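Reader: Please take a close look at a single part of this model and set out the contacts made there. I should like each term to be given with its cut-offs, and the account then to be extended to the surroundings.

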Amino acid sequence: MRKALALWSTFVAAFATLSYSLRFTEGKPPRDVLYKWSTVVGNLFQFAVIGAIVYGIAGLGERRQLLALRRPTSWRTAAKIGIGIGIGMLVLSALLNPLLHPGQEQGITPPTWEPNHAAAYIANGVVICVVAPIVEELTFRGLGYSLLVRYGRWAAIVAIGIAFGLAHGLVQAFPLLAAFGAGLAYLRSRVDSVYPGMIVHGLFNTVALVVAVTT
């Protein structure tokens, strides 16, 4: 699995480098980006490419095993840990917001609700709350964790958290994203499945999008 790990690490490093390069050269995206259908198409294409790369790398071994596409050992444990992740993120957000303003850095949520663009917003929401969690969980908590866990469970959890944070190309939000990524990796390690992480990740993104246009 050394070849698979090398390919996965190279891919994540390249993606993180590209994300930071775009952030530093182009700055924040327009605040109305989620009201555009072009955003839907662009993000779907991006996640399709990522998914294809991850699927290909996982094919170097037992694909379903590496991607953790199996029933969790305990849905009850998954629910408890998921709730704990949610509470932990609320606390960490409250602590970091006065210092780093991580919620404002990404800059994709619109300042006001525009009913005329509701359809595009909902379509983008489906991509962010369904497609993104599936692809990102397969990438990090599926393939990534499976390849790194041989070096130790906690080493894998920390490494996946850092990789997940870096892949988003943000600075002020990095601690929050890394903590979230590590929390999802811990969930993966406890229930031996990628599915609960997809659900928690999707719910987290859904709450963020709803709050953005209702507060």
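Author: A polar contact is here a pair of N or O atoms within 3.5 Å; within protein, one atom must be able to donate a hydrogen and the other to accept it, and residues adjacent in sequence count only if both atoms are side-chain atoms. By this criterion the side chains of Glu136 and His201 are joined by a polar contact of 3.2 Å. The model is a predicted one, in which local features need pLDDT of at least 70 and side-chain atom pairs count only at pLDDT 80 or more, while totals for chains, interfaces and linings use all residues. Residues are numbered from 1 along each chain as its sequence is written, and side-chain values use heavy atoms, with hydrogens and water left out.

Glu136 is the part to be examined, and its place is in helix H6. Helices (H or I, at least four residues) and strands (E, at least two) are DSSP runs, numbered from the N terminus. Three further terms are needed. Buried means under 20% relative accessible area, exposed over 50%, and partly exposed in between (1.4 Å probe, protein chains only). A salt bridge is a side-chain nitrogen of Lys or Arg within 4 Å of a carboxyl oxygen of Asp or Glu. For charge, Lys and Arg count as positive and Asp and Glu as negative, whereas His and the chain ends are not counted. Glu136 is buried yet has no salt bridge, and the nearest side chain of opposite charge, that of Arg141, is 5.4 Å away. Taking contact to mean heavy atoms within 4.5 Å, Glu136 is in contact with Phe47, Arg141, Phe164, His168 and His201, its neighbours within four places in sequence being left aside.

Arg141 does have a salt-bridge partner: Glu137, with the closest N and O atoms 2.6 Å apart. Both Glu137 and Arg141 lie in helix H6, four residues apart, which is about one turn of the helix. Glu137 counts as buried at 0% relative accessibility, and Arg141 is buried with a relative accessible area of 1%.

Phe164, another contact of Glu136, leads to the aromatic residues. Rings of Phe, Tyr and Trp (its six-membered ring) pair if their centres lie within 6.5 Å; planes under 30 degrees apart count as stacked, over 60 as edge-to-face and the rest as tilted. Eight aromatic pairs are found in a search of the whole structure. In one of them Phe140 and Phe164 meet edge-to-face, at 5.5 Å centre to centre and with 85 degrees between the planes. Because Phe140 lies in helix H6 and Phe164 in helix H7, this pair ties together parts that are 24 residues apart in sequence. Phe140 and Phe164 are both buried. Trp8, Phe140, Phe164, Phe180 and Phe204 form one aromatic cluster.

Phe140 also leads to the nonpolar packing. A nonpolar core is a set of buried Ala, Val, Leu, Ile, Met, Phe, Trp, Tyr and Cys residues joined through side-chain atoms within 4.5 Å. The largest such core has 49 residues, of which Trp8, Ile85, Phe140, Leu143 and Leu187 touch the most other members. Among the helices that each supply at least two residues of this core are H1 (2-26), H6 (118-148) and H7 (153-167). H6 gives the most, with ten residues. Leu143 touches Trp8, Val54, Ile57, Ala58, Leu66, Leu67 and Leu138, not counting residues up to four places away in sequence. A second, separate core of eight residues includes Val33, Leu34, Cys129 and Ala212.

The remaining charged pairs may be set beside this picture. The count of salt bridges comes to four. Arg70 forms one with Asp192, the closest N and O atoms being 2.9 Å apart. Arg70 lies in the loop between H3 and H4 and Asp192 in the loop between H8 and H9, so this pair ties together parts that are 122 residues apart in sequence. Arg70 is buried, with a relative accessible area of 19%, whereas Asp192 counts as partly exposed at 33% relative accessibility. Asp192 also forms a salt bridge with Arg188, at 3.5 Å between the closest N and O atoms. Arg70, Arg188 and Asp192 are thus joined into one network by salt bridges that share partners.
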